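Here are my notes on the model you asked about, written as numbered points. Keep the structure open next to them and look up each residue as you go.

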Amino acid sequence: MDNMDGETLPKNQKTSNKIIEKSEEKQVSNNTILTKHCEDPVAEEGSDENQTKPSHNPEINHSDEPKTVENSEENLKQPKKEVATTTKCGESAANPNIKYKTKTITVNNKNGSTLEKIFKYLTDYELETFKTYDNFTKWLQRPVDAATLGVFRMLYGAAMLIDMAEERGGSNLDVRFGEPLHCHFPLFDAIQVFSFPIMGCIYLGMWLGAIGIMLGYRFRLSCLAFILPYWYIFLLDKPAWNNHSYLFGLVGTMLLFSQANRYCSLDKYLNPSMPSTVPYWNYFLIKFQFFLLYMYAGLKKLTAEWLSGYAMSSLSRHWVLSPFRWVLSEDLADLLIVHWFTAIFDFSIAFFMTCSKTRLFATPFMVSFHLMNSRLFIIGMFPWVCLAQVPMFYGFDWPRKLNRENIYKIYKRLTKKDTCHRDKQEPETETKNINETKNQEVQEIIDKNDNTLLYCKGCQKQLKLSNNYSKKEYFQTFVIILYCALQLFLPYSHFITQGYNNWTNGLYGYSWDMMVHSYNTILTTIKVVDNSNNKTHYLNPYAFTEYDRWMKYADMAQQYAQCIKRNIDYEHKRNPLGSPLSSTNISIYVDVWCSMNGRFQQRVFDPRVDLLTAEWSPFKRTPWSLPLLTELNHMRPRLRTIADDVLSWNNYSDVMFVADFPGLTLDHFISPDLTNVSLTILEGHVRYKSDDDNESYFLTAGKSIGLPAGVMHHITTLGLKPSCYLYTYVNKTMEQENIILENTHKEKPLLPLWQEFMTRIDNYKRFLQHMGNCVLYLLYGVPIPMKIREKD
């Protein structure tokens with residue numbers, strides 16, 4: 001905007017944040033008021049030169065409804081005390097003598113549709129902003145203070161520094177990357193792991209980038225140094241994925257394209273001429289991402305699977321939820337608080353935080369929720385990053401107000417006894433004028449030269465409409481819309497990537513289905529068959545990896561089988577005489593028994609399929625991945641009843657529920673430590689055969705049979721429907737030694753903050769040592785001491 005020559009204001013006029021000023025207005029046919037707010041307005045490019053000059057009125061009206069001014073001449077003669085400043089609309093708040101060109105303002109007096117009112121009431125946003133691409137661009141590009149964004153940047157950088165030593169695996173770099181035969185599960189086969197020293201340097205670059213983000217130093221370069229290694233490490237191992245790790249990567253990418261270094265940063269300190277404002281889209285993208293996080297987390301929980309209360313059973317036993325057990329039973333607390341309330345909270349909290357009318361009410365719930373999660377679950381920095389984002393709902397400039405003067409004012413206001421004293425000193429005319437201008441919306445705009453300008457609602461509206469934006473800014477809007485659409489679509493895109501679907505849809509980590517599913521895996525068998533002599537060998541499932549998530553996903557199970565094959569080939573080539581295999585012509589079969597959300601233990605994969613030759617495509621359903629037996633869901637309440645009954649027998653009794661597919665056989669060895677073992681059929685038909693008995697037994701629903709310990713037996717499901725049965729047993733060894741599990745666990749403090757702090761310090765020491773050792777090895781060839789993971 002161009003400056004106009006200023007004029008001297010009367011001395012008795014005061015500067016404040018509200019504007020009550022004389023203006024020119026004219027009633028037009030479409031029920032609008034045409035207003036000019038500068039004493040000597042200058043026409044801008046594109047304005048209507050033939051526009052009729054409006055008549056002079058003694059009062060300005062910035063409210064939505066027009067006022068009728070009566071006895072204007074008398075009002076002009078009447079002396080009355082000015083309530084607000086005489087700073088003109090469009091003048092600098094810092095220097096009222098600086099005035100700017102403004103265009104003729106058209107203020108619409110129509111009440112608007114009911115939908116617009118409801119939208120404005122619920123979201124505090126004008127619906128008109130989202131009606132056209134042009135309006136949306138101007139809304140995204142409007143300048144706002146960078147202070148709150150700068151605070152979030154610092155907190156995010158600090159959280160990522162802590163996260164690297166923990167969930168990114170920095171404290172265990174030697175175990176994760178130091179073993180040459182260690183198996184990884186990249187999203188794309190082209191992504192390969194580097195040697196341990198190189199990986200240590202990659203972590204070092206990420207660490208330096210996080211420091212640069214926190215300090216705001218060489219911000220773009222720091223973001224690149226952090227985000228590129230972060231996504232590489234993230235994509236390298238799918239079993240380590242989770243939703244908040246995905247969120248951290250997205251936030252880091254958004255900061256890369258933002259101007260978050262314009263407040264409280266070394267870049268700003270070294271370059272004071274850097275603007276203090278950022279386009280609003282810097283805030284919008286981050287707020288949208290967290291809004292989506294909460295809303296989709298709630299949507300994923302508003303299903304029968306979650307609301308039935310089986311996913312997080314027994315969580316109410318935690319001390320954090322103990323107050324609810326004062327009024328509710330354990331089962332009711334699990335159902336109503338852990339499942340129902342959490343689903344409603346997740347879905348609604350972002351809406352409550354967005355609306356200014358409910359924000360103060362919702363904030364304590366938001367803060368309490370994340371603090372409770374930090375105690376309930378081992379989820380790293382996720383609660384703290386979410387808490388760091390909460391202040392972004394409270395405006396753009398609140399950090400600038402945290403100075404000694406403002407804090408002292410707040411203190412005086414809180415400790416003042418007679419809060420109405422000032423109001424009693426004001427004359428009636430002031431109260432009247434305040435009431436008349438109560439609905440007037442006066443806002444601050446910071447121009448490109450960092451001058452704070454004051455504008456009424458009408459001027460604000462027209463100022464947005466009068467701005468011209470470049471093609472680059474319109475392209476930014478297109479990219480933002482594309483990104484938002486992608487984030488809205490990805491959590492429900494599993495109909496495309498069907499190869500990753502099994503009991504749940506898609507890979508865990510980008511769908512915001514947090515805590516929706518809980519697993520209990522009791523048996524994993526990896527069978528390696530030497531095809532040259534048909535001998536069978538069994539491999540420890542954790543021989544080449546520390547992860548167990550591969551046991552639930554077909555793509556990772558096949559990747560693990562192929563990695564095992566490469567390692568066997570390498571060992572056989574290196575030492576053929578020491579290998580238990582006569583050749584490298586092998587087949588690998590995997591049999592995983594797992595339960596999800598309180599169901600029966602069942603197979604995850606078809607144990608008859610050789611994973612080395614099995615077909616898998618990311619876009620086709622995997623035929624050898626067995627479905628979840630949802631037809632047996634109706635039995636889950638009965639399973640709970642049976643389990644409670646068996647566990648009440650004594651301290652050493654237990655029960656296991658099993659379901660199997662038609663035509664498949666369970667080979668089960670009963671440990672000698674168990675006694676009083678029995679098999680009971682709940683549904684379906686099975687054939688039972690024991691190795692110490694030549695006879696087979698045909699069992700139907702309701703039949704039971706005792707099983708000998710120390711003997712292998714075989715149960716084959718017959719017919720066309722799945723079978724389900726249960727084992728009951730008593731642990732003889734525990735009974736003889738009088739071992740009670742409840743007494744073996746030492747009591748833990750409620751808030752082990754000091755222990756957690758010291759653990760994090762130890763993790764960070766190891767992390768720094770690993771990075772230092774890698775650098776010394778590359779520079780000077782110093783040997784690297786490494787920890788060896790225990791394995792068979």
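1. Start with strand β13, residues 586-596: 11 of its 11 residues are buried, so the rest of the structure largely encloses this strand. Bear in mind while reading that this is a predicted model.

2. Which residues of β13 are buried on each side? On one side you'll find I586, I588, V590, V592, C594 and M596, and on the other S587, Y589, D591, W593 and S595. Every other residue falls on the opposite side because side chains in a regular strand alternate between the two faces of the sheet. Here both faces of β13 are covered. Take C594 as an example: its relative accessible area is 0%, so it falls under the 20% cut-off for buried.

3. Now for the partners of this strand. β13 pairs with strand β11 (residues 519-530) in the antiparallel sense, over 11 bridges. To find your way along that pairing, look for T524, whose bridge partner in β13 is V592. β13 also pairs with strand β14 (residues 602-603), again antiparallel, over two bridges. There, W593 has R603 of β14 as its bridge partner. β13 and β14 make a hairpin with five residues between them, and N597 in the turn has a positive phi of about 55°.

4. While we're on positive phi, have a look at two more residues that aren't glycines. S314 has a phi of about 70°, and S314 sits in the loop between α11 (304-307) and α12 (330-354). M515 comes in at about 65°, and M515 belongs to the loop between α19 (471-489) and β11. Are they buried or partly exposed? S314 is partly exposed, at 30% relative accessible area, and M515 is partly exposed too, at 28%.

5. Next, the cysteines. How many disulfides does a search of the whole structure find? One. This disulfide joins C183 to C563, with the two sulfurs 1.9 Å apart. The angle about the S-S bond is -95°, and the link is left-handed. The pair connects distant parts of the chain: C183 is in the loop between α5 and α6, while C563 is in helix α20, 380 residues away. Both cysteines are buried. For contrast, try C264, which is partly exposed at 45% relative accessible area.

6. Stay with helix α20 (residues 554-574), since N567 lies there as well. N567 has 7% relative accessibility, so this residue counts as buried. Setting aside neighbours within four places in sequence, N567 is in contact with L181, C183 and F544. So one of its contacts, C183, is also a partner in the disulfide. The C-alpha atoms of N567 and H182 are separated by 8.9 Å, although the two residues are 385 apart along the chain.

7. On to the rings. The structure holds 43 aromatic pairs. One of them is F152 with F290: the ring centres are 6.3 Å apart and the planes stand at 90°, so the pair is edge-to-face. F152 is in helix α4 (residues 147-165) and F290 in helix α10 (residues 281-301), so this pair ties together parts that are 138 residues apart in sequence. F152 and F290 are both buried. Ring pairs also link F152 and F290 into a cluster, with Y156, F226, Y230, W231, F234, W241, Y246, Y510 and W512 as its other members.

8. Rings can have a charge over them too. The charged end of R142 sits over the ring of Y280, 4.1 Å from the ring centre. Likewise, the charged end of R359 sits over the ring of Y394, at 5.8 Å from its centre.

9. Last stop: helix α7 (residues 219-236). This helix has 18 residues and reaches 26 Å from first C-alpha to last, close to the 26 Å expected at 1.5 Å a residue. Its buried residues include F226, Y230 and F234, which also belong to the ring cluster. What covers the buried residues of α7 includes α4, α5 (173-177), α6 (196-215), α8 (243-256) and α9 (266-270).

Key
Residues numbered from 1 in each chain as written. Predicted model: local features only at pLDDT ≥ 70, side-chain atom pairs only at ≥ 80, totals over all residues. Heavy atoms only, no water. Phe/Tyr/Trp six-rings, centres within 6.5 Å; stacked < 30°, edge-to-face > 60°. Helix = DSSP H or I, 4+ residues; strand = E, 2+ residues; numbered from the N terminus. Buried < 20%, exposed > 50% of the residue type's maximum accessible area, 1.4 Å probe, protein only. Lys NZ or Arg CZ within 6 Å of the ring centre and 35° of its normal. Contact = heavy atoms within 4.5 Å. Pairing = 2+ DSSP bridges. Expected span 1.5 Å × (residues − 1). Disulfide = S-S within 2.5 Å.
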